[in-house]
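I opened this entry to look up one charged side chain and its surroundings, and then the strands and the core around them.

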Amino acid sequence: MDVEERLAAAAELFKVLGSESRLGLIYLIGQQSRTVGALADVTGLSQPLVSQHLRTLRQAGLVTASRAGKEVTYQLADHHVTHVIEDALAHVYEPASDAARADDLPLTNDRSTNDKE
C-alpha cells in the first residue's frame with residue numbers, strides 16, 4: 001500500500017471517528033467489553049442508535065462482537081485506536097503556546113507569495 005492509499009485509509013478512519021458518540025463508544029469499549037444495553041445505559045443513547053453506531057464501527061474494523069446466547073458483547077478489534085483517541089484527548093487539553101497557535105501557522109512552506117508584499 002503506497003502513501004496515498006494509506007492516507008486515504010486514514011482519512012476514512014477519521015471519518016468514522018468524527019462522531020462524538022462513536023468516539024465515546026470506542027472509549028468505553030476500550031475500558032472493558034460491553035453489551036449494547038450496557039453502552040446505552042452509560043451513554044444515555046437509545047439502544048437502536050448505539051446498535052447503528054456499533055454497526056459502523058464493526059464495518060470499519062474497529063470493534064468485534066461475540067455472542068453468548070442472546071447477548072452480544074463488543075470489544076475493540078485493535079487497541080491502536082485507543083492510542084489515537086488518547087492522543088486526541090491529550091491534544092485537546094494541551095495549552096496552546098503562542099508559537100504553535102493554529103492561526104499563526106502557514107498553510108504551506110511556500111512563503112513566496114508573502115515575500116512579494
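Before starting I fixed my terms: buried means under 20% relative accessible area, with a 1.4 Å probe and protein chains only, and a salt bridge is a side-chain nitrogen of Lys or Arg within 4 Å of a carboxyl oxygen of Asp or Glu. The model is predicted, so local features need pLDDT of at least 70 and side-chain atom pairs count only at pLDDT 80 or more, whereas totals for chains, interfaces and linings use all residues. Residues are numbered from 1 along each chain as its sequence is written, and side-chain values use heavy atoms, with hydrogens and water left out.

**Entry 1, R34.** I looked up R34 and found it buried without a salt bridge, the nearest side chain of opposite charge being D41, 9.2 Å away. Which polar partners does R34 have instead? I noted a polar contact (N or O atoms within 3.5 Å, one able to donate a hydrogen and the other to accept it) of 3.3 Å between the side chains of R34 and Q31, and the backbone oxygen of L28 lies 3.1 Å from a polar atom of the R34 side chain.

**Entry 2, strands.** I placed R34 in β1, residues 34-35 (strands are DSSP E runs of at least two residues), and its bridge partner in β3 is Y74. β1 pairs with β3 in the antiparallel sense over 2 bridges, while β2, residues 63-68, pairs with β3 in that sense over 6 bridges.

**Entry 3, core.** I then checked the largest nonpolar core (buried Ala, Val, Leu, Ile, Met, Phe, Trp, Tyr and Cys joined through side-chain atoms within 4.5 Å), which has 19 residues; α2 gives the largest share, 4 residues.

Notes. Buried < 20%, exposed > 50% of the residue type's maximum accessible area, 1.4 Å probe, protein only. Lys, Arg positive; Asp, Glu negative; His and termini not counted. Pairing = 2+ DSSP bridges.
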